[in-house]
Amino acid sequence: LRSLVGSEMCIRDRYQRRVRGSDMVRGANTKPHRLYTRGKVLGYRRSHHLQNPNQSLVKIEGVNTSKDVQYYLGKRVVWVYKGKTKDTKGSRVRSIWGRITGAHGNSGVARAKFAHNLPARALGASVRVMLYPSSI
């Protein structure tokens, strides 16, 4: 029984090693990989005089044209932040989810709609653009 526990621990250490504090997972013979692409919140969609807080502008890393944005249409976006108090599960980490809805201009900026409008402290912050749902 002891040998099984020892070998089980060795297998668990070898194949399911997780990097603490990040979303990178290490497999048997693979390099760490992310399931999302980084992005930045630039601001709200706006005109000269008005802004619409229900649509946010997101610059996705490595996307430079409006044709590149087409791949990300419908993909999920999440803004992860820390609250002041712990929730019922004992965690301070919170998130607001949304979707990429279209391109904004020709320089690769995307429009996103979130379930709740992003607060002002999210402007300039990092977001995660998930690589799902897949349209391939």
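Here's a quick briefing on the fold, the confidence, the main pocket and a handful of residues in this structure.

Keep in mind that this is a predicted model. The protein chain is built from two helices and six strands, and they come in the order α-β-β-α-β-β-β-β along the sequence. Mean pLDDT for the protein chain is 85, with 79% of its residues at 70 or more, but the start of the chain is another story, as the confidence bullets show.

**Overall build**

- The protein chain has 136 residues, and 26% of them count as buried.
- If you take the contacts in the protein chain with a separation of 6 or more, 54% of them link residues 24 or more positions apart.

**Where to trust the model, and where to be careful**

- Among the elements of the protein chain, strand β5 (residues 109-114) comes out with the highest mean pLDDT, at 98.
- At the other end of that ranking sits helix α1 (residues 2-15), with the lowest mean pLDDT, 47.
- Residues 1-12 have pLDDT under 50 throughout, and the model gives this stretch two contacts beyond four places in sequence.
- Residues 14-22 are also below 50 in pLDDT, and here the model has ten contacts beyond near neighbours in sequence.

**The largest pocket**

- The largest pocket has a volume of about 190 Å³.
- Its lining is made up of Y36, R38, V78, V80, S126, V127 and R128.
- Three elements each give two or more residues to that lining: β1 (36-46), β3 (76-82) and β6 (126-130).
- Strand β6 supplies the largest share of the lining, with three residues.
- By chemistry, the lining of the largest pocket splits into four nonpolar residues, two charged and one polar.

**Aromatic pairs**

- There are two aromatic pairs in the structure.
- Y71 and Y72 make an edge-to-face pair, because their ring planes sit at 85°, with the centres 5.0 Å apart.
- The two partners differ in how much they show: Y71 is partly exposed at 38% relative accessible area, while Y72 is buried at 11%.
- W79 and Y81 are a stacked pair, since their planes are at 15°, with 4.4 Å between the ring centres.
- W79 is buried, with a relative accessible area of 3%.

**T37, on strand β1**

- T37 is part of strand β1, and at 11% relative accessible area it is buried.
- Setting aside neighbours within four places in sequence, T37 is in contact with I60, E61, Y72, V127, R128, V129 and L131.
- Some of those names have come up already: Y72 is the buried partner of the edge-to-face pair, and V127 and R128 help line the largest pocket.

**H104 and S107, around the β4-β5 loop**

- H104 belongs to strand β4 (residues 93-104), whereas S107 is in the loop between β4 and β5.
- Both are partly exposed: H104 has 31% relative accessibility, and S107 has a relative accessible area of 42%.
- K59 is a handy reference point for H104, with the two positions 45 residues apart in sequence and a C-alpha to C-alpha distance of 9.7 Å.
- For S107 and K59, the separation is 48 residues in sequence and 9.1 Å in space, again C-alpha to C-alpha.
- Leaving out neighbours within four places in sequence, H104 is in contact with R45, L57, V109, A110 and R111.
- With residues up to four places away not counted, S107 touches K59 itself, along with V63, N64 and T65.

**A cis peptide bond**

- Most peptide bonds are trans.
- The bond from Y132 to P133 is cis, with omega near 0°.
- P133 is found in the segment after β6.

Technical notes
Residues numbered from 1 in each chain as written. Predicted model: local features only at pLDDT ≥ 70, side-chain atom pairs only at ≥ 80, totals over all residues. Heavy atoms only, no water. 1 Å grid on protein atoms, 1.4 Å probe; cavity = no way out; pocket = protein on both sides within 12 Å on 5 of 7 lines; lining within 4 Å. Points joined across faces, edges and corners; volume = space filled by probe spheres on them. Helix = DSSP H or I, 4+ residues; strand = E, 2+ residues; numbered from the N terminus. Nonpolar A, V, L, I, M, F, W, Y, C, P; charged D, E, K, R; others polar. pLDDT = per-residue confidence, 0-100. Contact = heavy atoms within 4.5 Å. Phe/Tyr/Trp six-rings, centres within 6.5 Å; stacked < 30°, edge-to-face > 60°. Buried < 20%, exposed > 50% of the residue type's maximum accessible area, 1.4 Å probe, protein only.
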